[in-house]
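Me: I have a structure open and a few things to ask about it. Can we go through them one by one?

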Amino acid sequence: MPYLSKIALNPRRRAAVSLLSNPHRLHAVILAGLAVQPVTERVLWRLENSNPHRAEILVLTESHPSWAHLVDDAGWPGADGGTPLIADYTPLLERIARGRDFGFRLTANPVQSIPRPARPSEQQAARLKEDADNGGRTRGFRVAHRTVAQQLEWLLKRCERHGFVIPEAIATPPGPGLREDGAGDQAPTAGPAVAVVSRDILRFNKRKDGPRVTLSTATFEGRLRVTDPDALRATLLGGIGPAKGYGQGLLTLAPIRTTEEAAHG
């Protein structure tokens with residue numbers, strides 16, 4: 001049975017500062033919340049830190065977790081609003097049906113695979129040299145999509161395999177410059193109902209003397225429509241894209257009330 005947790009961290013505490021600055025360290029602390037060790041189940045998480053006074057972590061686990069250690073070290077133990085929320089995820093999974101719309105949020109690591117970087121980093125150059133010395137064929141390199149347009153295209157290309165589409169946004173009334181009559185060569189549209197609401201570049205070390213890890217992230221918000229319920233359920237439990245251990249790939253949904261549902265309160 002899957003569970004979705006929300007844990008609040010206090011950014012003014014030293015332990016919280018250490019965790020919030022290093023996804024590798026935070027991932028290890030999250031795994032420590034599961035009783036069966038070593039952890040073999042899929043764990044997805046996402047850091048929500050738009051509030052400078054309070055950071056929240058969403059965590060999706062297959063088994064029931066305990067976050068006492070995290071709250072004691074980096075949260076507000078015993079305070080109102082400091083207790084983690086742990087909810088059974090099954091009811092949401094059961095609400096997924098073909099044709100149904102949901103609001104969604106996703107923080108991901110949009111990347112592409114290329115044969116050879118134009119300007120290899122020190123690590124990439126070392127790998128190229130090692131492959132050449134061994135006479136082997138160089139594996140592809142993952143490089144980040146940097147622009148908003150590239151990141152949006154990355155998501156839109158993956159929707160179908162993950163069991164959903166992103167419908168056109170509804171502009172009612174039309175925004176400035178849009179015309180309802182569709183006059184002109186082509187009727188204007190608002191485009192897909194999704195936007196990149198924030199972007200970041202994460203830089204951290206797995207170990208003090210280890211290589212530097214750099215991740216380019218994008219947070220998407222919008223509306224999706226279910227096309228394959230089973231595939232979407234698998235996506236919710238398995239995530240989208242790479243770097244899941246570093247807080248990427250957790251897709252969360254929010255039900256959208258229909259006009260009929262709203263009319264009945």
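Me: Are Trp154 and Phe220 buried or exposed?
Reply: This is a predicted model. In it, both Trp154 and Phe220 are buried.

Me: How many aromatic pairs does the structure hold?
Reply: There are three aromatic pairs. One of them is Phe104 with Phe164, a tilted pair with 6.5 Å from centre to centre and 45° between the planes.

Me: Where in the chain are Phe104 and Phe164?
Reply: Phe104 is in strand E5 (residues 101–108) and Phe164 is in strand E8 (residues 164–165). They are 60 residues apart, so the pair links distant parts of the chain.

Me: And why do Phe104 and Phe164 count as buried?
Reply: Buried means under 20% relative accessible area. Phe104 has 6%, so Phe104 is buried. Phe164 has 1%, so Phe164 is buried too.

Me: Back to Trp154 and Phe220. What kind of aromatic pair do they form?
Reply: A stacked one, with 6.5 Å centre to centre and 20° between the planes. Trp154 lies in helix H6 (residues 148–158) and Phe220 in strand E10 (residues 212–226), so the pair ties together parts that are 66 residues apart in sequence.

Me: New topic. Which residues does a cis peptide bond join?
Reply: Gln37 and Pro38, with omega at about -5°. Pro38 is in the loop between helix H2 (23–31) and strand E2 (44–51). Most peptide bonds are trans.

Me: What is phi of Ala243 near?
Reply: Near 65°, which is positive in a residue other than glycine. Ala243 sits in the loop between helix H7 (229–238) and strand E11 (251–255). At 18% relative accessibility, Ala243 is buried.

Notes
Residues numbered from 1 in each chain as written. Predicted model: local features only at pLDDT ≥ 70, side-chain atom pairs only at ≥ 80, totals over all residues. Heavy atoms only, no water. Phe/Tyr/Trp six-rings, centres within 6.5 Å; stacked < 30°, edge-to-face > 60°. Helix = DSSP H or I, 4+ residues; strand = E, 2+ residues; numbered from the N terminus. Buried < 20%, exposed > 50% of the residue type's maximum accessible area, 1.4 Å probe, protein only.
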